[in-house]
Amino acid sequence: MTSSAPTPVKPAPSVRSSLAHVIRGALIGIVELVPGVSGGTVALVLGIFDRLISSANHLIRGVVRFTLRRQGRSAAHHLSGVEWALVVPLVIGMFFALFTLSGPLHAFVEGQPTISSALFLGMVTASLLVPISMALDAGPITRATLVGGPVVVLLVAGAAFWLLGLPALQVQEPAWWVLVLSGAAAVCALALPGLSGSFILLTFGMYEPTLEAVSERDFGYLALFAGGAVLGLASIVQLLAYLLRVHRRAVLLVATGLILGSLRALWPWQDNSVLLAPDGDWLAPLLAALGGAAVVLLLWSRERRGNAVAASLQEPGPSRGEPF
């Protein structure tokens, strides 16, 4: 008589973990409102970037197969691969932050431009450690990696630095197709660490109209924007999921370059994309930058400790002792 092993059952998410994911989503939503800061970078710092891309990829494939009734792996198979316990509270936190904090955050950025830019500059600078460490862990380090890796980072950073110096456009009454394209571009930036969706909107003159639409609950505007976001998400996520599987280190090096180049947008002293030297009142911005960096490093170290504990619980074995 044979017996089959029972199918493992995923543990139900706890209230604490769901609340933590809501907070993570709120953090991503907040930074997506700030030009120069990438939601993808925050997802990297929080240690959920790979899981989000994988879940989004499964979701898109499942919806496509359900809609087109395609053969092969069923839609249910792909939908079961989505980490709903992560995605649902994360989306709730993002929308909560977007609709409740857009006004106060916009007022802070407009009222304290130097302090806010310095704060975000420190946060993004510290976040460079995340893709660098992930690239180092992506496989064996060869001589080609040691030489080619920094070259890739510097080339991408230089291109991003130059693009962010282009003057921003001004759009007063955007057409419907402009809203769709803007949504697609913004969500692609959300999926790629180092690219700021808000800064892309700012460059194309769509930042102020979009922020105003969110604040005033202009659902017609937001529906077109969201439609473009869905189209952009469907196109970029599958490509990014494939690249992370096949060329993981290269993707992380490109992300590092994008984050490094994006620091130009956050320099506290500039006039119409022209970088200026710090003025006499530089102490407060310096403290804000150090505070922002400290917050990111604290979040990153906490996530790394949590991942290390989870890995040790999943792989039981003889203890080798841990340093105090």
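User: Which residues of α5 are buried?
Analyst: This is a predicted model, where local features need pLDDT of at least 70 and side-chain atom pairs count only at pLDDT 80 or more, while totals for chains, interfaces and linings use all residues. Residues are numbered from 1 along each chain as its sequence is written, and side-chain values use heavy atoms, with hydrogens and water left out. Helices here are DSSP runs (H or I, at least four residues; strands are E, at least two), numbered from the N terminus, and buried means under 20% relative accessible area, exposed over 50%, partly exposed in between (1.4 Å probe, protein chains only). By that cut-off, the buried residues of α5 are Leu86, Val87, Pro89, Leu90, Gly93, Met94 and Ala97.

User: And how far does α5 reach from its first C-alpha to its last?
Analyst: The expected span of a helix is 1.5 Å times one less than its number of residues. With 17 residues, α5 comes close to what is expected, and its reach is 24 Å.

User: What about α1: how far apart are its end C-alpha atoms?
Analyst: Helix α1 covers residues 15–32, which makes 18 residues. At 1.5 Å a residue the helix should span 26 Å, so the model agrees with the expected value: its ends are apart by 26 Å.

User: Which residues of α1 are buried?
Analyst: An α-helix has 3.6 residues a turn, so residues three or four places apart point the same way. The buried set in α1 includes Arg24 and Glu32. Written out in full, that set is His21, Arg24, Gly25, Ala26, Ile28, Gly29, Val31 and Glu32.

User: How many salt bridges does a search of the whole structure find?
Analyst: Side chains of opposite charge can pair when their charged atoms come close. A salt bridge here is a side-chain nitrogen of Lys or Arg within 4 Å of a carboxyl oxygen of Asp or Glu. Searching the whole structure that way, the count is two.

User: Which side chain meets Arg248 in a salt bridge?
Analyst: Arg248 sits in helix α14 (residues 248–262), and its partner is in helix α3 (residues 49–68), 198 residues apart, so the pair links distant parts of the chain. Arg248 is partly exposed at 24%, and the partner is partly exposed too, at 28%. The N to O distance is 2.6 Å, and the partner is Asp50.

User: Then how far apart are the closest N and O atoms of Glu83 and Arg51?
Analyst: Glu83 is in the loop between α4 (75–79) and α5 (84–100), while Arg51 is in helix α3, 32 residues apart. Glu83 has a relative accessible area of 30%, so it is partly exposed, and Arg51, at 32%, is partly exposed as well. The two form a salt bridge, with their closest N and O atoms apart by 2.9 Å.

User: Which helix gives the most to the nonpolar patch?
Analyst: Patches are made of residues with over 30% relative accessible area and no salt bridge, with nonpolar side chains (Val, Leu, Ile, Met, Phe, Trp, Tyr) joined within 5 Å and like charges within 9 Å. This one covers about 660 Å² and is made by Ile132, Leu136, Ile141, Leu146, Val147, Val151 and Leu155, with areas from the Shrake-Rupley method and a 1.4 Å probe. Both α8 (129–136) and α9 (143–163) supply at least two residues each. With four residues, the one that gives the most is α9.

User: Is Ile132 buried or partly exposed?
Analyst: Ile132 lies in helix α8. Its relative accessibility is 38%, so Ile132 counts as partly exposed.

User: Which residues form the negative surface patch?
Analyst: Asp and Glu count as negative, Lys and Arg as positive, and His and the chain ends are not counted. Each charge is placed at NZ of Lys, CZ of Arg, CG of Asp or CD of Glu. One member, Asp218, is in the loop between α12 (207–215) and α13 (219–246) and is partly exposed at 36%. The patch is formed by Glu110, Glu208, Glu212, Glu216 and Asp218.

User: How far apart in space are Tyr221 and Pro209, C-alpha to C-alpha?
Analyst: Tyr221 lies in helix α13 and is buried, with a relative accessible area of 10%. In sequence, Tyr221 and Pro209 are twelve residues apart, and in space the distance is 9.3 Å.
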